[in-house]
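Hi,

Here is the structure I promised to pass on. Have a look at it first, and then read my notes below.

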Amino acid sequence: MIKNYLKIAWRGLVKNKLYSAINIGGLGVGMAVSFMLLLYVYNEFTFDGFHQNKDRIYKVLRNQPSNSEINTGDATSVPIAGALLKDYPEIEKAARTNWGYDQLFNYNNKPLKFNLMSADESYLDMFTFDFVKGNKRDAFKELASVIMTESTVKALFGDKDPIGQTVKLNGTQLVKVSAVIKDLPKNSTFRFKALISWKLFEVMNPWIKTSGWGNYSFKTYVMLKPGANVGKLDAEIKKLVGRYDPQNKENELFLYPFTRWHLHDEFKNGVNTGGSIEYVRLFLLLAIGILLIACINFMNLSTARSERRSREVGIRKVVGARRIAIIQQFLGESVLTAFLAFLFAAVITSLSLDGFNRIIQKTLTIPYHNPWAWVTAISVTLITGLLAGSYPALFLSSFKPVKVLKGINKAGKKTLHSRQILVVVQFVFATCLILSSILIYKQINYIKNRPVGYMQNGLVELPFEGSMEKQFDNFRQDAINSGAIADAAIVSNSIASNNSSSWNVIWPGQLAGEEKIPIDQIVTTNHFTSTYGLTLAAGRDFSVDRPSDTSSLMLNEAAVKMMRLKEPIGQIVKWQGRPCTVVGVVKNFVWGSPYEPVKPAIIGFDKSWASTIGVRLNPKAPVSKSLATLEAIYKKYNPEYPFEYKFVDEGFSGKFQTEKLLGTLSSSFTVLAIIISCLGLFGLASFSAEQRKKEISIRKVLGASISSLWFNLSKEFLQLVIISFLIGSAISWYYMNHWLAHYTYRTDISLWVFVITIGLSIIVCLITVSWQAIKAAMGNPVNSLKNE
């Protein structure tokens, strides 16, 4: 029987090639997009899941009160790990790490940069790494050792055995390769390509040994003993900082599950408010929504052919077929179609995955060797086939044999409303996506047009490393003399990202408790405002001709306002434990999030903090020529290091990465949803034209024009689109209003957004329906009325 069902189903597909192609194509595209979205969801939910002890590993976080708010972060101080391990027996191991930065490795005069991280030896026992050569027990046995990943080893040594090879790190420190591990999975918090011990890190940076409780610049992880009471331990470690560092007793520690951090890393007033999980849920809803509208499209197209299959059902019932057998037959056809669509979807997914990866900036792969992935894919396909085929099967099997064999079946008209509801659901989804896409791009453009407070064009940043620490002044002067640049300055970090703040800042007229407020800081020397194009509101920049400027600082307008300084120039502000004179005030510039108000900031003077060189290219010279000249001069003074640069405007645009991703995906899925919805509308139009062919013929005989017949057929679909628009607009307004509320600086939801959406929906509807409407209107009425 099953063989017979499959044979009939295959014949039906071959006989109706156009409808079969539309059905399989629409369902296949919907399934392909859903599969790619589900791959993303799977990738995010399994983030860091490869660590064997993941359920016992916790990240140490810190709550810090600030200006009536509580700031939560993962930056911790050096002594915290040792104190936790000493004071709490529930903790089995603790490990410190730095953030990981690109560092120079040189082997046989082959300089390459790789991300280098430092960690305690216990780090290797806590986290899981696949050692290809060497082992974790002996990896850090010698102080000057380095663990490398396979890709790093391949790039540095080729096919040569790396174990025991000596490499020069950052031009000075010799390290020996002690072990090789497999490259870390892409869905891993850790991204290092090489790993050195914390002890070596301290040798290379002696200041770390004396780094106290107040320097929150590192990360701390702990692994609890099996069965440890996390809630009890959390309560106990809360006041750890206060016991060892009474000056900062307001800082409270707590443990946070390591694997949870990736998706739930946003906090407000010490309470977790979400994070990337919101986008994962959105992608999951999109996957379900797109698959649903593809199923609705399948239902509409299947029932559109009901008139042609009604006699088949009638004959089957006359010869004794029960309704359950007919339902099984149609469900079998639907499942067969779904599996053909699955094969088509698999091809589309494999061909489109690279492009999808570029859009979302991930490295997703199809898990061919994972049996659970195949079980999931086949289950989704089976459920899709049963869901998509359920309505057509129930609808077609309900035909009365006497009526259909006499040609008087009216079941189609009775079920028209339910099929209209399905089309409305499709267009509601499409309307939501259209409105969301427009508003996301509107918000991005709104923020992009916000003045940043400095000149981004022609501003380039280089790493301050190697011989530059001694040769910067000569490098700067030669670059200016060559005509390649207008000016240059050294800074503690890029002006496109604020990642440093300071507290215990004292100023005149300070109120009690205000010294605890963290204030953003950027540290530089001379030529800062001229290089970066900041505008001085009062006072002056640091000057080479004033040696006393080493004990001075500048403030932005937001800092002056917060400190309530009516005459800021000449005031003494205690910063980093030393009194500094305010010599200048710069106008506010966007340093942190472009979506939030500018925060107070201190611009301090200290060359030892430098990590970046800011360069203002000569606006009168071609950029490519200036960069080539700059590279030659850079190599002259820093030959061991590669010439690497970044345009500041590109770094700043990275602040919109999440919103751009949302906009790109939303617009892509909007187009897809419209296409699939149009296929469903096409099916409904075909069904309606088939049901009303005698009515159309009578109207035509009575003198109705083609245009009036076209309008008469099209208006019911325009009504559906308008209903969909009203529902979709209300849903979109509600959710997009909540989304925009996250931003202090946000665009408004303008009327023209809704006008464009309804206009686009009507145009798409008319284009889709017109072909069927005009075809029906131009048909010969004799063919429909000859049996009357």
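**What I found**

Let me start with one residue, Ser197, which sits in strand E10, a run covering residues 194–197. Bear in mind throughout that this is a predicted model. Is Ser197 buried or exposed? Its relative accessible area is 3%, and because buried means under 20%, Ser197 counts as buried. Which residues does Ser197 touch, once neighbours within four places in sequence are set aside? The contacts are Ser118, Ala119, Phe140 and Leu143.

**The strands around E10**

Strand E10 has partners you can pick out in the viewer. One of them is E5, which runs parallel to E10 and is joined to it by 4 bridges. If you want a residue pair to click on, Leu116 has Ala194 in E10 as its bridge partner. Strand E5 spans residues 110–119, and 7 of its 10 residues are buried, so the strand is largely enclosed by the rest of the structure.

E5 also pairs with strand E4, residues 101–107. Here the two strands run antiparallel, with 7 bridges between them, and Leu104 stands opposite Lys113 in E5. E4 and E5 form a hairpin with 2 residues between the strands, and Asn108 takes a positive phi near 50° in that hairpin.

Another partner of E10 is E7; these two pair in the antiparallel sense over 2 bridges. Ile147 has Leu195 in E10 as its bridge partner. E7 also pairs with strand E9 (residues 173–181), this time in the parallel sense and over 5 bridges. On that side, Ser145 is matched with Lys176 in E9.

How many of the residues of E7 are buried? For this strand, residues 145–149, the count is 5 of the 5, so E7 is largely enclosed by the rest of the structure. Both of its faces are covered: Ser145, Ile147 and Thr149 are buried on one side, and Val146 and Met148 are buried on the other.

**The protein as a whole**

Stepping back, the protein has 25 helices and 25 strands. Of its 788 residues, 51% are buried. Taking contacts with a separation of 6 or more, 79% are between residues 24 or more positions apart.

The largest nonpolar core holds 87 residues, and those with the most contacts inside it are Leu37, Phe356 and Tyr454. What does Leu37 touch, leaving out residues up to four places away in sequence? Its contacts are Phe283, Leu286, Ala287, Ile290, Phe356 and Phe669. There is also a second, separate core of 24 residues, which includes Ala479, Ala488, Ala610 and Tyr634.

**Cavities**

The search turned up 2 cavities of 30 Å³ or more. I looked at the second largest, which has a volume of about 30 Å³. Its lining consists of Phe427, Ala430, Ile434, Ile674, Leu760, Ser761 and Val764. By type, that lining splits into 6 nonpolar residues, 1 polar and no charged. Helix H15 (416–448) and helix H24 (751–777) each contribute at least two of the lining residues.

**A few single residues to look at**

Tyr735 is in helix H23, residues 706–740. With a relative accessible area of 56%, Tyr735 is exposed. Its C-alpha atom is 9.0 Å from that of Ser436, although the two residues are 299 residues apart along the chain.

Two glutamines caught my eye for their backbone angles. Gln361 is not a glycine, yet it has a positive phi of about 55°. You will find Gln361 in the loop between helix H11 (323–360) and helix H12 (371–397), where it is exposed, with a relative accessible area of 53%.

The other is Gln576, also a residue other than glycine with a positive phi, near 55°. Gln576 lies in the loop between strand E21 (572–575) and strand E22 (578–586). Is this residue exposed, partly exposed or buried? Its relative accessible area is 37%, which makes Gln576 partly exposed.

Happy to go through any of this with you at the screen.

Cheers

Conventions: Residues are numbered from 1 along each chain as its sequence is written. This is a predicted model: local features need pLDDT of at least 70, side-chain atom pairs count only at pLDDT 80 or more; totals for chains, interfaces and linings use all residues. Side-chain values use heavy atoms; hydrogens and water are left out. A nonpolar core is a set of buried Ala, Val, Leu, Ile, Met, Phe, Trp, Tyr and Cys residues joined through side-chain atoms within 4.5 Å. Buried means under 20% relative accessible area, exposed over 50%, partly exposed in between (1.4 Å probe, protein chains only). Contact means heavy atoms within 4.5 Å. On a 1 Å grid over the protein atoms alone, a cavity is a set of points where a 1.4 Å probe fits but cannot get out, and a pocket is an open set with protein on both sides within 12 Å along at least five of seven lines; lining residues have an atom within 4 Å of a point. Grid points are joined across faces, edges and corners, and a volume is the space filled by probe spheres set on the points. Ala, Val, Leu, Ile, Met, Phe, Trp, Tyr, Cys and Pro count as nonpolar, Asp, Glu, Lys and Arg as charged, and the others, Gly among them, as polar. Two strands pair if DSSP finds at least two bridges between them.
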